[in-house]
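I opened this one to see how the sheet is laid out and how the helices sit around it. My notes follow in the order I looked things up.

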Amino acid sequence: MNLIKTLFGGGSAAVSPEQVTEHLKSCLDPNTGKDLVSAKAIKNLKIDGGRVSLDVVLGYPARSQWAALAEQVRAHLLTLVGVSDAEVNVSSQIVAHAAQRGVALLPGVKNIIAIASGKGGVGKSTTTVNLALALAAEGARVGILDADIYGPSQPLLLGLQGRRPESPDNKSLLPLESLGVQSMSIGYLVDDDQAMIWRGPMVSQALQQLLNDTRWDNLDYLLIDMPPGTGDVQLTLSQKIPVTGAVIVTTPQDIALLDAKKGLKMFEKVGVPILGLVENMSVHICSNCGHAEPIFGEGGAAKMAEQYGVTVLGQLPLDLSIRLSADQGKPSVAAEPDGEIARRYQAIARQVAIRVAERARDFSSRIPKIVIQNT
């Protein structure tokens, strides 16, 4: 290829920024399906004769994808006549995105994602922790708020049972950290066997205190592990907590889908965008022979997605290893980071982050605060 360019005089001919930009319009990000120019991912374009250098800045965490994408863009640039060499650097930059109107962003947190289900027992908490671990593995700073006051699961899933958070000033709490993820849960503050016999208003107040009184440390994403249903906690979340978007977890079973639809409609009514659906337990995989069987039905999430105009972010199997890893306090993404189960969680987490990146950005931090004083 270089020989042909040299023979026809293209090897050393100068190329313009406009030509490079136009050429890159046909270079697609394999994760989003969009070209890098329309995605505004091309930064610091420099041209020196036939040598081109540029940065590709993604709006979502994808550290495992950087090298392959850099090589893809470099190879694409070398097909442009006039380009003899190309240097491409890929990175990610996570910014804050807009939440509901009138709800200010939380200090130390750029984006809040609610992981919800209309029904209990669909694997929402396990999905939450594995998505958090997958985002962290891709280079993001991630936290989990366990919003299930009556039945907190995250202390067990993160291997933090019996731990207590510190309070440096007797007013705020430092989040506990495990497997690279910050977390806060009512389970850290009470004994394992203590029942929380609280009415709705107390639960809502506790949720707000756990969220606002925790010193979250510069999080790109805070995942809220929601309790099942559409009650007080969900209403508090939608009215007083800045939620960037919600992910609905369901199984293919008709009764689970009925409740998942209620959860989806609730978020729509209160102005929280639905980022997509995750179909958990979509197929059972036999641990002995590997036979796959859809014991809870097939295609439920796909039908629901078509009905409501949302996206199926991915499907997860009913696999014994997921349960075993969770019970041991080291979920699948951490226990077997190169395994098939982890790969599925990573793909779903990437799609969640991409959909967050597509939301409108929040520019409130750039607006100066006007203070009126008596002089």
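Before the helices, one term: I take contact to mean heavy atoms within 4.5 Å. I also keep in mind that this is a predicted model.

**Entry 1, helices on the sheet.** I looked up what α8 touches. Helix α8, residues 254–269, lies across β4 (109–116), β9 (245–250) and β10 (274–279). Its direction is about 175° to β9. I then did the same for α9, residues 300–308, and found it lying across β9, β10 and β13. Against β10, α9 runs at about 160°.

**Entry 2, the sheet itself.** In what order do the eight strands of the open sheet come? I read β6-β7-β5-β8-β4-β9-β10-β13, with mixed pairing. The edges are β6 (176–178) and β13 (312–315); each has a single partner strand, so one side of each is left without a neighbour in the sheet. I also noted the twist: neighbouring strands are turned by 25° against each other on average, direction ignored.

A reminder to myself: strands of a sheet pair through backbone hydrogen bonds, either parallel or antiparallel. I picked one pair to check. Strand β5 (residues 142–146) and strand β7 (residues 181–185) run parallel and are joined by four bridges. For aspartate 146 I looked up the bridge partner in β7, and it is serine 185.

**Entry 3, α8 against α9.** Next I asked how these two helices pack. Their axes are 11 Å apart, at an angle of about 30°. Under 35 degrees counts as roughly parallel, so α8 and α9 are roughly parallel to each other. The crossing of α8 past α9 is right-handed. From α8, the contact uses Leu257, Ala260, Lys261, Leu264, Lys265 and Glu268. From α9, I listed Gly300, Ala301, Met304, Gln307 and Tyr308. By class, I get six nonpolar, two polar and three charged residues for the contact of α8 with α9.

**Entry 4, α2 against α3.** Last, I looked up another helix pair. The axes of α2 (residues 17–24) and α3 (residues 66–77) come within 10 Å and cross at roughly 120°. That angle makes α2 oblique to α3. I noted a right-handed crossing for α2 past α3 as well. On the α2 side, Val20, His23 and Leu24 make the contact, and on the α3 side Val73, His76 and Leu77 do. How many charged residues are in the contact of α2 with α3? There are no charged ones; I have four nonpolar and two polar.

Notes
Residues numbered from 1 in each chain as written. Predicted model: local features only at pLDDT ≥ 70, side-chain atom pairs only at ≥ 80, totals over all residues. Heavy atoms only, no water. Pairing = 2+ DSSP bridges. Axes fitted to C-alpha atoms, helices over the stretch in contact; angles between N-to-C directions. Parallel < 35°, antiparallel > 145°, perpendicular 65-115°, else oblique. Left-handed = near helix turned anticlockwise from the far one by under 90°. Nonpolar A, V, L, I, M, F, W, Y, C, P; charged D, E, K, R; others polar.
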